Amino acid sequence: MLWYYVDIIGFGGDIMLKNRSVLAGIFIGIGGYVFLSASYKELGAFLFSLGLLTVIIRQYSLYTGKIGYLGSIKELPPLLLMWVGNALGACLMGFLASLALKDCAFNLISKKLELDYLSVFLRSVMCGVLIYIAVELYKKTQMPILVILPIMVFILCGFEHCIADVFYFSAALSFNIESLVFIIICTFGNSVGSIALRLLEKYNI
């Protein structure tokens, strides 16, 4: 019964009853947790990808995996509510991670906050592109490695994923206007990247 309410928290209407956005956020948080814990960045990137792989295989609802398939403006409100569920799940994992990894998370977000807003946006766009690629490749092939590789690429390139960043800020216990603006820019960039690639494919550009 508990998981039923966790799955639908923040959503209304029958169409969203099977939405598992909080669980998606939790698994992205688990990926972030292991990334912070890993001694080697490459290993951390590989293990982080298993969080998104779980989301895709279990068909949990992750904003960055769904926004590329936006068909009309009417579909946007449920997606934004999905984002809220994702953020809630990521925050829960972030608060847990803060007990052991607060300093690691703080060092990571300090470097992120040194970036200018244009750089954050562009890095977020590229992350959105790679997330869309990962989802599409898995849909067409059912091959986990084709999810793992794009995710490793965006991690190792330093691209920005809005829900993962919610986790990192939560783990660092760092919430202020600066972090909120950062997350909003990341969300917009992730959305632009995914939607743009989808449109380019649709119209054979």
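This note sets out points on the nonpolar core, helix α2 and residue N190.

1. The model is predicted, so local features need pLDDT of at least 70 and side-chain atom pairs count only at pLDDT 80 or more, whereas totals for chains, interfaces and linings use all residues. Residues are numbered from 1 along each chain as its sequence is written, and side-chain values use heavy atoms, with hydrogens and water left out.

2. The largest nonpolar core (buried Ala, Val, Leu, Ile, Met, Phe, Trp, Tyr and Cys residues joined through side-chain atoms within 4.5 Å) has 50 residues. Buried here means under 20% relative accessible area, with a 1.4 Å probe and protein chains only. Helices, which are DSSP runs of H or I with at least four residues, numbered from the N terminus, contribute as follows: α2 (21-37), α3 (41-57), α5 (76-112), α6 (117-141), α7 (145-156), α8 (162-171) and α9 (177-202) each supply at least two core residues.

3. F48 is among the residues with the most contacts inside this core. Residues up to four places away in sequence aside, F48 touches (heavy atoms within 4.5 Å) I28, G31, G32, V34, F35, I151, F154, I155, A164 and Y168.

4. Helix α2 is largely enclosed by the rest of the structure, because 12 of its 17 residues are buried. Among them are I28, G31, G32 and F35.

5. N190 is found in helix α9 and is buried, with a relative accessible area of 1%. Beyond its neighbours within four places in sequence, N190 is in contact with T64, S124, V125, C127, G128, E160, H161 and C162.
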